[in-house]
Amino acid sequence: MSRHEERRRSSVLKLSANPLVVRETSISAALGSQTKNVFGLKTRDVEGQENYLPVEGLDYTGLPEFQRHTETTNIELFYDLFFVANLTTFSGIHEINDWKTLTSYIGFFCVLWFTWCQVSLFDVRFFADSVLGRAAKGVHLGVMVGLAIVAPNFQPEDQQKQVFQTMSLILVVSRIVLGLQYLLIMWHVRKYQNTKVPFLLIAASNFVAAAVYLGVTFAFGDKNSTAYRSFYVIAIFEIATNFIVSSIWKAVTFKGTHLVQRMSLLTLIILGEGVMTTVEKITTIVYNENAWDGPTIGTIIAAISIVYLLYMLYFDALPDYYFDSIRQQIWAFLHFPFHLFLVLLVEGIAQFVIWFKMNEAANSLLDFFNAPNIQNDAETNDWGAFASAINDTVQQIFHSYPPTDFNTYEMINSSLTTLQESTTQQQAKDTLLELFYGVIHSIYQTYGFAAPESDTGSTTLTAADELKNDYNVIGLVFVYFFVAAGMTLISMGVLNFLTLPRSCFSKQGLKSPGLWARNGIFFVVGAAFAGLAGLINVEAGYNLSTSPWLLLVIVLGLVIVLGAQYFRWPQKTLTGGEKE
């Protein structure tokens, strides 16, 4: 048999692959020369001896040695594609335009992230390519597809019974399969002492979660229920159990795994999703006339720069060395709030790219009303000439930004007729304001900016009411954008601190001014970003939200943080002692 055929036979998928490392030297005493010349590959005979019969020379009182991957496997990358597709689809159809949609966005991301994390925690330690392994992965891919199906109607404040019951059942299937996977690994290492308990505990946590999710299914009815909160509580319980067990029992440790790479890869995916969303908003701008000018180009450059600076801040600090298990697990768990704030930040960036251009178009109408000739017509009560001039300007605006709502034309024509027939300045002023608000609201609609529907279900909102709803939305985006920017930096600072070498935590290391400066700058600038959200109700906040400086403020802050990481800080200790 040729070498190629030998290798091909050895790579045939087995029903259940052995996740343990099989070393030729460990079985040579039992098989003698039979293991020679196998080119470093496992044969069926060798693996059979390893799995099912005690082999002389193996220490079953020690720890099982699992196969480790230094890089993310192809099947893991394929699974990540389903995650990013899920997140991108949900972000595209789930516009954040009030506090209800913001909380539901956070809720769904929580379910999606913890489901991804649970599968990844198994894969980085125990996944072995086999028929059963691929079948389980197929189920997990199906779970992602199922979540994508229910995502459009995931609204905890306006629940649909079928949607939440379906989501519960999807999570049941996910956790049952995970539990069975852990039990299968336990069966493979059954000859090793002190290995059953950790696998049983982790599997039990998955089965308990599945039982709770199944019970929650019956809690959803025709009225809103708070049972959906169990999705978040149980998810945290599962992850905490997994990390605690792995900290106590070395058999399920994350040491030697590519857990750090898995979390960093998801960070990269989220940053990529942010770029995609921003580019989508840019294409919306390009579709309209007068798309490009200096401030618009500057805003777009600032948006992309934020993503690039975040990339550098995160990946430049990513360690290429092993840091102890406890810190690594805390580091991995804290990626949930970090990723949540990062997702909201990149969503806010995309919103402000389009908001700046909408506001720029609205300002062109305001400049027209402030023109001297228009003011003169208003002062002389020449409402006919006034209405004619306004109509010409409105038609020019509608040519550049065609209304998406046909009722806008009817409203504008009605307002112009009322303006021509005005008998007092107050009547003309009220009509003019209604027309002004209506045109601006139409511009916002052209750019795809959607305010939430009225809770009262009224269809007779005035243009002023509609514009007020638009500004309420941008106010919400303003708040969560700056809070998310601040918390992203603070979270990144915590993550960086956890990855510092052990020497930095020594008595001498903690006295280093560079250590505190490099890490402290994350918290200082992050707190400043979050504090800007408090400007929402003052004039300074409005001026900032309508200026091209809004995104540039974030860029400047990130540049300061990045510069602090490479600044050559004094190597004297804080007490003025010897050099480090």
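In this predicted model, a polar atom of the Arg327 side chain sits 2.7 Å from the backbone oxygen of Leu500. Arg327 itself is part of helix H12, which covers residues 325-333. Is this arginine buried or exposed? With a relative accessibility of 12%, Arg327 counts as buried, because the cut-off for that label is under 20%. So the side chain that reaches the Leu500 backbone oxygen belongs to a residue on the buried side of the count.

Zooming out, the fold is put together from helices: the chain has 21 of them, and the strand count is 0. Of its 580 residues, 50% are buried, and Arg327 is one of the residues that count as such. How are the contacts spread along the sequence? Taking contacts between residues at least 6 apart in sequence, 83% of them link residues at least 24 apart.

Then there's the outside. The chain shows about 26900 Å² of accessible surface, and carbon and sulfur atoms account for 60% of that. Which residues make up a nonpolar patch on this surface? Leu13, Leu15, Val131 and Leu132 do, and together they offer about 330 Å² of accessible area. Val131, one of the four patch members, is found in helix H6, which runs over residues 131-150. Its relative accessibility is 41%, so Val131 counts as partly exposed; that value falls between the 20% and 50% limits. Arg327 in helix H12 is thus buried at 12%, whereas Val131 in helix H6 is partly exposed at 41%.

Definitions and conventions:
Residues numbered from 1 in each chain as written. Predicted model: local features only at pLDDT ≥ 70, side-chain atom pairs only at ≥ 80, totals over all residues. Heavy atoms only, no water. Helix = DSSP H or I, 4+ residues; strand = E, 2+ residues; numbered from the N terminus. Buried < 20%, exposed > 50% of the residue type's maximum accessible area, 1.4 Å probe, protein only. Contact = heavy atoms within 4.5 Å. Areas by Shrake-Rupley, 256 points an atom, 1.4 Å probe, with all protein chains shown as cover. Polar contact = N/O pair within 3.5 Å; in protein donor to acceptor, adjacent residues only side chain to side chain. Patch = residues over 30% accessible without salt bridge, like charges linked within 9 Å, V, L, I, M, F, W, Y side chains within 5 Å. Salt bridge = Lys/Arg side-chain N within 4 Å of Asp/Glu carboxyl O.
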